[in-house]
Amino acid sequence: MLQNKIQEVFNEPGCSKNQSKSDKERKKGCTKALQPGGAAGGCAFDGAKIALQPITDVAHLVHGPIACEGNSWDNRGSKSSASQLYRTGFTTDINELDVVYGGEKHLFKSIKEIIDKYDPPAVFVYQTCVPAMIGDDIEAVCKAASQKFAKPIIPVDSPGFVGAKNLGNKLAGEALLDYVIGTEEPEYSTPYDINIIGEYNLSGELWQVKPLLDHLGIRVACCISGDAKYHDVAQSHRARANMMVCSKSMINIARKMEERYQIPFFEGSFYGISDTTESLREITRLLIQQGAPAELHDRTEALIVREEARAWQRIAEYTHRLRGKRVLLFTGGVKSWSVVSALQEGGMEVVGTSVKKSTREDKEKIKELMGQDAHMIDDMTPREMYKMFQEARADVLLSGGRSQFAALKNKMPWVDINQERHHAYNGYEGMVNLVKQIDLALYNPMWTLLRKPAPWDMREVRA
Ligand code: SF4
């Protein structure tokens, strides 16, 4: 069954990368063998956990040795407006006896213990490598536990060995489609209901956009999965339109919801002023197409005029300090282009952007923004990045934590743009934040001190 599911994900028609492959290539999936010295990203289990852990009021139970949960627990800053249960690490912590005799009873007991102690609206059970290899049938256990405790117990069959993090994201989406979405009916729905898919509310980014939507009377029926509640996900099939903010991770949810529930979707971004504006326009267009009153259009345009003006006014404080600064952007997916436009709006020059995890559409968008000669970096070793900073071909690095040392060793500023970041960069508000953080990093007085020769070296020169 798992093999069928994986093949279904590899055949996903919404993924252009899949569709450009031959049947034989498609069967192999997208995971590439690593070069010696390369560090692997997360496993498929990690990807599934990342995608679903932001559902805040459910218990996330990891069936496996304790290190699987230890490695994946709470490693992202996904915020919740209510329940904090999602941040409690639950694991069956299986041992040698479970490996010999099977861990299914142990799993059932753990589910019971969670329900007795916490009574969450649902329990998500994650499969990992060891119990998958000894043949523990988590689907059967979840089914039996659902019947026994009269509560949704959701199996997430994504053991680490089946592939990389991105495959895990999609298998998590399949679990929602198979067991959660469409299983409950909402008390009411409105013509202004939308779902946002692939937004994880990192550092509270969803909350930078929600006030804009609230102002227009647009209701986020469900965000999959940032700050989500179980019942909202179960009822999300009644929304009128879907916005997908990260095409690579959950395209299967958006496409299958369109197929099953006739909910149209678009891919958008809330990074940068123009992308935020475009996304608001597209949400409005889809809602009107689905039956919302046409006056929504005028209200959206009025909001855009007001908010853009406000954001530009605040950014103007920084643009004269940032104009012409050269930025190396080392991130992936939708951020490879959406952040480019955000930086250009802040007056900066993007000297290169990484496209390792980008789709064909992402690359086209980069060319639109940076021109046909855009410096798209497929892969850059830390040594090459270090050299680039040594030759002063960039003034600041925007990347995830793993690449930071290439800049820092060269005494160059670095701004965290990946999932572990502590600042929120969504919407008009987020753009002002991003520009402010880059300004703070570039003009930190520490750099002047750090670039001066050390006092003991100066003594040697004088001598
Ligand atoms: S690869 Fe397997 S054993 Fe390792 S963390 Fe992932 S699920 Fe656990």
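Here is a short walk through the structure above, from the whole chain down to one residue. Please keep in mind that the model is predicted.

Let's start with the overall build. The chain comprises 22 helices and 13 strands. Measured out along the principal axes, its C-alpha atoms occupy a box of roughly 80 × 65 × 50 Å. The radius of gyration is 24 Å, which agrees with a compact globule, because a globule of 463 residues would have a value near 23 Å.

Now look at the packing. Of the 463 residues, 53% count as buried. If you take the contacts between residues at least 6 apart in sequence, 72% of them join residues at least 24 apart. On the outside, the accessible surface of the chain is about 21,400 Å², and carbon and sulfur atoms contribute 53% of that area.

Next comes the ligand. Around the ligand you will find Cys43, Phe45, Cys68, Thr128, Cys129 and Gly160. Sorted by class, this shell holds four nonpolar residues and two polar ones, with no charged residues.

Finally, zoom in on Ser236. You can locate Ser236 in the loop that runs between helix H12 (230-234) and strand E7 (241-244). Is Ser236 buried or exposed? Its relative accessible area is 1%, and residues under 20% count as buried, so Ser236 is buried. Leaving aside residues up to four places away in sequence, Ser236 touches Ile181, Asn195, Cys222, Ile224, Met257 and Ile263.

Note on methods
Residues are numbered from 1 along each chain as its sequence is written. This is a predicted model: local features need pLDDT of at least 70, side-chain atom pairs count only at pLDDT 80 or more; totals for chains, interfaces and linings use all residues. Side-chain values use heavy atoms; hydrogens and water are left out. A residue is near a molecule or strand if one of its heavy atoms lies within 4 Å of it. Ala, Val, Leu, Ile, Met, Phe, Trp, Tyr, Cys and Pro count as nonpolar, Asp, Glu, Lys and Arg as charged, and the others, Gly among them, as polar. Helices (H or I, at least four residues) and strands (E, at least two) are DSSP runs, numbered from the N terminus. The radius of gyration is taken over C-alpha atoms; the globule rule is 2.2 Å times the number of residues to the power 0.38. Buried means under 20% relative accessible area, exposed over 50%, partly exposed in between (1.4 Å probe, protein chains only). Contact means heavy atoms within 4.5 Å. Accessible areas come from the Shrake-Rupley method with a 1.4 Å probe; for residues, only the protein chains shown count as cover.
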